[in-house]
Amino acid sequence: MNFPLFSFGPRDLAIDLGTANTVVYLRDRGIVIQEPSVVALDYSSGLPKVRAVGEDAKLMLGKTPANLRTVRPLRNGVIADLEVAEQMIKHFLLKALGGSRRLGGKTEVVMCVPSGSTSVERRAIRDAASNAGASQVQLIEEPMAAAIGAGLPVADPVGSMVTDIGGGTTEVGVISLQGLAYSQSVRVGGDKMDEAIMSYVRRTHNLHIGEATAERVKKEIGSARVPGDGRGMTIGVKGLHVERGVPREIELTQAEIARALSEPVGRIVHAVREALEHTAPEIAADIIDDGITLTGGGSLLRGIDAVIADETGLPVRVAENPMLCVALGAGMTLEDRVLRGALQAA
Ligand SMILES: Nc1ncnc2c1ncn2[C@@H]1O[C@H](COP(=O)(O)OP(=O)(O)OP(=O)(O)O)[C@@H](O)[C@H]1O
Ligand SMILES: [Mg+2]
């Protein structure tokens, strides 16, 4: 018999605490929060006080005066600053539950964890949610949540492959019968793409640009492959000249950005190929027919689906609302008795 460990109530939530973005799903409501995982701390009175969280804090990235500091409490998919992560979760929990309502009592929370995370890292996520006010915490592995959220038939005896390209990690999961038959997590994602752009611009154009500018370049003209005309779109960027230390503006082409991105993109493709090599033959046969589903913000990079398709010879599709799939899938376990089985595996 398969009785649930406990039943979820109307204040229950699922949280995808991502390196770049936190997404919150409220039971019976759906996605209620999608904001950057950034906290701005104010040090004016000695002890750090939270000044802004999420969207408001991200606007301050790289632009803070001496008394303010912006912190991204997650790195590579796992918590790097426990205290700040707790503050951030608390802020989002309260916001999701309508602000003034007090936490406590019975807010049960499903937290998403990278498949490659250690027991220490999982404990940190569990503790952060408990300390933020969750009365009970369950975990779900991100590739499983991504597959559920992308609408893949996770409970069927059919193999599916999902690749979640996030800000900090890329996770490849092979799922069958509500279990992860194989998973692989590599610390490459959108952040590494931004770093690749920053270091390329510094090396080639002698220009120092910030993280936010690199991310904007990636979103606006970034591409996983060099455009046919060898140039593609162009974008103007402003930064600081490395030697002269003065502000300067240059123009970047899509082709040069694609070349700068080839290293992180290559590592993502390598992780997918490695997962395929480790897949049991019967499951591989299903994947040949159904292909690979991409989720996560990194799947929005132009042409990444085509590059993965070329390199694997398999059909590749980007899920609908790829940045919401993990939270959506985790949230669906709050409402579906069968899917709840996915939680116990974590
Ligand atoms: N149009 C786009 N093109 C390329 N990259 C994009 C685009 N939109 C968003 N991204 C990138 O997607 C990343 C964020 O994706 P997502 O929200 O799925 O990550 P995350 O869940 O926070 O991270 P992780 O799962 O690694 O902890 C960022 O690096 C962002 O720059
Ligand atoms: Mg993610």
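# Notebook: exposure, ligand 1 and some loops

I began with Glu220, which is partly exposed because its relative accessible area is 41% (buried is under 20%, exposed over 50%, partly exposed in between, with a 1.4 Å probe and protein chains only). I note that the model is predicted, that local features need pLDDT of at least 70 and side-chain atom pairs pLDDT 80 or more, and that totals for chains, interfaces and linings use all residues. Residues are numbered from 1 along each chain as its sequence is written, chains are lettered from A and ligands numbered from 1 in the order written, and side-chain values use heavy atoms, without hydrogens and water.

**Entry 1. Helix 6 and what touches it**

I placed Glu220 in helix 6 (helices are DSSP runs of H or I with at least four residues, strands runs of E with at least two, numbered from the N terminus). I then looked for Thr64, which is 156 residues from Glu220 in sequence. The C-alpha atoms of Glu220 and Thr64 are 25 Å apart in space.

Helix 6 covers residues 211–221, and I followed a contact from Ile221 next. The backbone oxygen of Ile221 lies 3.1 Å from a polar side-chain atom of Gln254 (a polar contact is a pair of N or O atoms within 3.5 Å; within protein one must be able to donate a hydrogen and the other to accept it, and residues adjacent in sequence count only if both atoms are side-chain atoms). I found Gln254 in helix 7, which runs over residues 254–260. Gln254 counts as buried because its relative accessibility is 8%.

**Entry 2. Ligand 1**

Which residues come nearest to ligand 1? I listed Thr19, Ala20, Asn21, Glu215 and Lys218, out of 20 residues around the ligand (near means a heavy atom within 4 Å). By class, I sorted the shell into four nonpolar, 12 polar and four charged residues (Ala, Val, Leu, Ile, Met, Phe, Trp, Tyr, Cys and Pro are nonpolar, Asp, Glu, Lys and Arg charged, the others, with Gly, polar). I asked which element gives the most to this shell. The answer is helix 6, with three residues.

I then checked oxygen atoms of ligand 1 for polar contacts. A polar side-chain atom of Glu215 lies 2.6 Å from one ligand oxygen atom. At Gly297 the partner is a backbone N or O atom, 2.9 Å from an oxygen atom of ligand 1. Gly298 also takes part through its backbone, with a polar atom 3.4 Å from a ligand oxygen. On its own ligand 1 has 660 Å² of accessible area, and the protein covers 93% of this (Shrake-Rupley method, 1.4 Å probe).

**Entry 3. Positive phi**

I looked for residues other than glycine with a positive phi. One of them is Asn206, with phi of about 55 degrees. I located Asn206 in the loop that joins helix 5 (190–205) to strand 14 (207–208). Asn206 counts as partly exposed because its relative accessibility is 28%.

Asn321 is not a glycine either, and its phi is positive, near 45 degrees. I found Asn321 in the loop between strand 18 (316–318) and helix 11 (325–335). With a relative accessible area of 48%, Asn321 is partly exposed.

**Entry 4. Helix 1 and the loop after it**

Is Ala57 buried or exposed? I have it as buried, because its relative accessible area is 0%. Ala57 belongs to helix 1, residues 55–58. From Ala57 I went to Gly166, 109 residues away in sequence and 20 Å away in space, C-alpha to C-alpha.

Ala66 sits in the loop between helix 1 and strand 6 (68–71). I put Ala66 down as exposed because its relative accessibility is 87%. Ser44 is 22 residues from Ala66 along the chain, and their C-alpha atoms are separated by 9.0 Å.

**Entry 5. Thr118**

Where is Thr118 found? I traced Thr118 to the loop between strand 9 (108–113) and helix 3 (119–131). I recorded Thr118 as partly exposed because its relative accessibility is 40%. My last pair was Thr118 and Ser45, which are 73 residues apart along the chain. A distance of 36 Å separates the C-alpha atoms of Thr118 and Ser45.
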